[in-house]
Amino acid sequence: MIPGAVIELSNYIISNNTAGIDISSTISGVVTNDNGTTVTLTLNALLNPGDTYSVDVSFQSDLVGNQPVPVGNPQQDVDHGVVMTFQAWSVSPGSVLFEAYGGGSGTAVTVLTGLPTYPNSPDLARYITAMDSRLVYPTDGREQYGARITGYFIPPSTEEFTFYVRSDDASELWLSTDANPANLVKIAEETGCCNTFSVHPSGSIPLVAGQRYYIQLLYREGGGGDFGQVAVKPTASAQDPNTLSPIPGSMLASLVAPTPTVATLNIQRSGAQVTVSWTGTCTLQEAGTISSAGTSWGPSAVVNGVPFTPSGNQRYFRLICP
Ligand SMILES: [Ca+2]
């Protein structure tokens with residue numbers, strides 16, 4: 001394909017298999033990457049955490065007849081082309097994601113966000129159990145780096161909250177109006193260094209108990225001491241903000257990659273009898289022939305682990321796993 005080419009959106013179908021709905025209308029862009037071998041689909045809506053999705057790619061070819069090359073183990077669908085299923089990342093309570101980016105010079109947050117490695121190539125990534133960089137770097141040993149802490153803040157009650165940030169060196173605290181990082185708003189910042197929580201409060205922000213609000217702390221370290229911490233309390237609380245601890249994991253959550261489905265398929269022959277057995281929450285399909293133009297896979301009546309006497313000379317089996 002031509003690098004950077006815009007491709008016909010109607011060649012792609014995306015379905016939420018968990019909800020049983022076609023979400024193709026949320027595809028807002030389809031472009032190839034800079035070497036023309038990978039297509040990136042952009043959606044204008046968030047995937048639902050933990051749900052299973054499928055992407056159908058219509059049979060299509062470029063000007064010299066190259067067909068799409070399946071990656072992984074997709075199904076071949078006779079109506080559409082390549083069908084690939086995947087699971088959206090799941091929400092895991094108790095932690096947020098810490099990512100560090102080395103290099104650059106200076107103490108401003110813009111030094112962090114201007115690094116070529118930011119945001120997709122951190123040199124260190126850890127899940128931590130509080131909005132507190134000291135859980136990763138307990139000492140001041142690392143110099144000239146920046147870090148980002150991202151995840152969800154989940155209010156324990158429905159009321160107005162005030163957030164506080166403290167850092168060495170500069171920092172910015174961002175909170176989304178919902179779970180979508182596209183709606184992040186900067187709510188507090190420390191442009192210098194090393195103040196207490198009470199010096200850098202947010203405004204009073206009404207939040208709903210149990211809802212997920214995307215939260216992001218950015219901080220930049222030049223030299224010497226280095227940390228970034230966020231605290232919160234109900235605005236109505238009279239507690240001195242400087243006595244607060246960083247937001248604990250009980251109010252936090254983050255997205256984590258789904259655990260891959262582990263499945264095995266075993267076919268054994270004993271005389272005229274064949275036994276097909278498999279593990280995993282999967283569905284067995286079979287076909288009489290395999291064709292590069294598209295194999296007609298259909299449901300199989302074979303029962304897991306029960307010997308049978310096959311008819312014909314050959315049959316092919318595959319497992320479809322969520
Ligand atoms: Ca340091």
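**Leu 217, the core and an open sheet**

Colleague: Leaving aside neighbours within four places in sequence, which residues is Leu 217 in contact with?

Modeller: This is a predicted model, where local features need pLDDT of at least 70, side-chain atom pairs count only at pLDDT 80 or more, and totals for chains, interfaces and linings use all residues. Numbering runs from 1 along each chain as its sequence is written. Contact means C-beta atoms, placed from the backbone, within 7 Å. With neighbours within four places in sequence left out, Leu 217 touches Met 131, Ile 149, Val 165, Ser 171, Leu 173, Gly 228 and Val 230.

Colleague: Which strand gives the most to the largest nonpolar core?

Modeller: Such a core joins buried Ala, Val, Leu, Ile, Met, Phe, Trp, Tyr and Cys residues through C-beta atoms within 7 Å. Here it has 38 residues, and Leu 217 is among those touching the most other members. With six residues, the top contributor is β16.

Colleague: Is Arg 148 buried or exposed?

Modeller: Buried takes 20 or more other C-beta atoms within 10 Å of a residue's own, exposed 12 or fewer, partly exposed in between, with C-beta atoms placed from the backbone. Arg 148 has 22 within 10 Å, so this residue counts as buried.

Colleague: In the open sheet β15-β12-β17, which strands stand at the edges?

Modeller: Strands are DSSP E runs of at least two residues, numbered from the N terminus, and two of them pair if DSSP finds at least two bridges between them. The pairing here is antiparallel. Each edge strand has a single partner, so one side lacks a neighbour in the sheet: these are β15 (205-207) and β17 (227-234).

Technical notes:
Helix = DSSP H or I, 4+ residues; strand = E, 2+ residues; numbered from the N terminus. Contact = placed C-beta atoms within 7 Å.
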